[in-house]
Amino acid sequence: MGTPSGYAVLYYDGAPAALPSTVPSQPGSVKPWTIAQINSVPNKTRTVGFNQTQPLIATGQIRWALNNIAHDSQPPCTSVLQEVYDDPNWVLEHAVPSLQTFSNLSDPGVQVGNGYMPEVFLGETNIPQTPSTGLHILQIDLGEVIELVVQNNPANAFNGDYRGGDTGASRTGQEQHPFHLHGHHFYLLATGNGTWDPITSPASYNLVNPVYRDTYSLLGNGWAVIRFQADNPGVWLYHCHIQWHMYIGSNLYVVEGAEEISAPPANQQACPSQCIYEEAPFTVPYVTQAYGATGYETPDPLQI
Ligand SMILES: [Cu+2]
């Protein structure tokens, strides 16, 4: 039982590229090592672009937004997994395809629920000024190879910078986010500072031997590109692993192979009697008190 152990070999620049011929010792309780080369990076079949912001929305709350759609302050009490299992067409029946153009790419990307249309302003000058709310859902088919281009925008976008000091237009976001994808490992092809560029950034992608993992650090006011194969039917969360960032909406539901999804476990967690999303207002004063000027302090005694 439990998760199988995994190991990796990291090479310094200039070190021999051959795999080691011997393996280090390890505790007897751990499955013996095997050494193999990671498979080559699959070609992408679809590119999806996300602009991430943390806007201050009309309710006075700081929410997280993907493509200018802020996650609902109270998520649905029936799980997306249950909804899709009951009706594999659930996303198509409830979501609105993205209008994003993603620079020179025209592929449909994010789909969001509740009738809101997302807009994309990556590399564009016409930035929408009024974030909407909805669910972040990306529906993909088995066999697709998805490339996510994730842009972490400055914290002052849409007045989302709650910290003191310089909050002017030149303020750049300092927040770095550990993003995790359930159900997959992905190739981290590249990261960078500033704004992803559709012409120059792809030249920096490592398509030879990128790290292969399930979590990466999205740089403050930077970008990252990950790629993964859709080979695992389910509803998988892609989210920042800072808990309160999840609460303010840093979540994307990846609905994968909807027709093939297995029944939800009988003991799947239900919502508590009182919605935790309603307990914490996540207004600017609240956030400042709970998480400090840096946003990284541990809430005490609030225990959010
Ligand atoms: Cu975060």
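Start by selecting V254: beyond its neighbours within four places in sequence, V254 is in contact with L138, I140, W236 and Y238. Here, contact means that the C-beta atoms, placed from the backbone, lie within 7 Å.

A word about what you are viewing: this is a predicted model, where local features need pLDDT of at least 70, side-chain atom pairs count only at pLDDT 80 or more, and totals for chains, interfaces and linings use all residues. Residues are numbered from 1 along each chain as its sequence is written.

Next, add L148, V150, I226, Y253 and V255 to V254; these six touch the most other members of the largest nonpolar core, which has 47 residues. Such a core is a set of buried Ala, Val, Leu, Ile, Met, Phe, Trp, Tyr and Cys residues joined through C-beta atoms within 7 Å. Buried means 20 or more other C-beta atoms within 10 Å of a residue's own, exposed means 12 or fewer, and partly exposed is in between. Strand 13 (residues 222-229) gives this core its largest share, five residues. Strands are DSSP runs (E, at least two residues), numbered from the N terminus.

Now select strand 9, residues 177-181. Which side chains are buried here? H177, F179 and L181 are, on one face, while P178 and H180 point to the other and are not. In a regular strand the side chains alternate between the two faces of the sheet.

Two strands pair if DSSP finds at least two bridges between them. Strand 9 runs antiparallel to strand 12 (residues 215-218), joined by four bridges, and H177 stands opposite L218. Three bridges pair strand 9 with strand 14 (residues 234-240), also antiparallel; there, L181 has Y238 as its bridge partner.

Notes: Contact = placed C-beta atoms within 7 Å.
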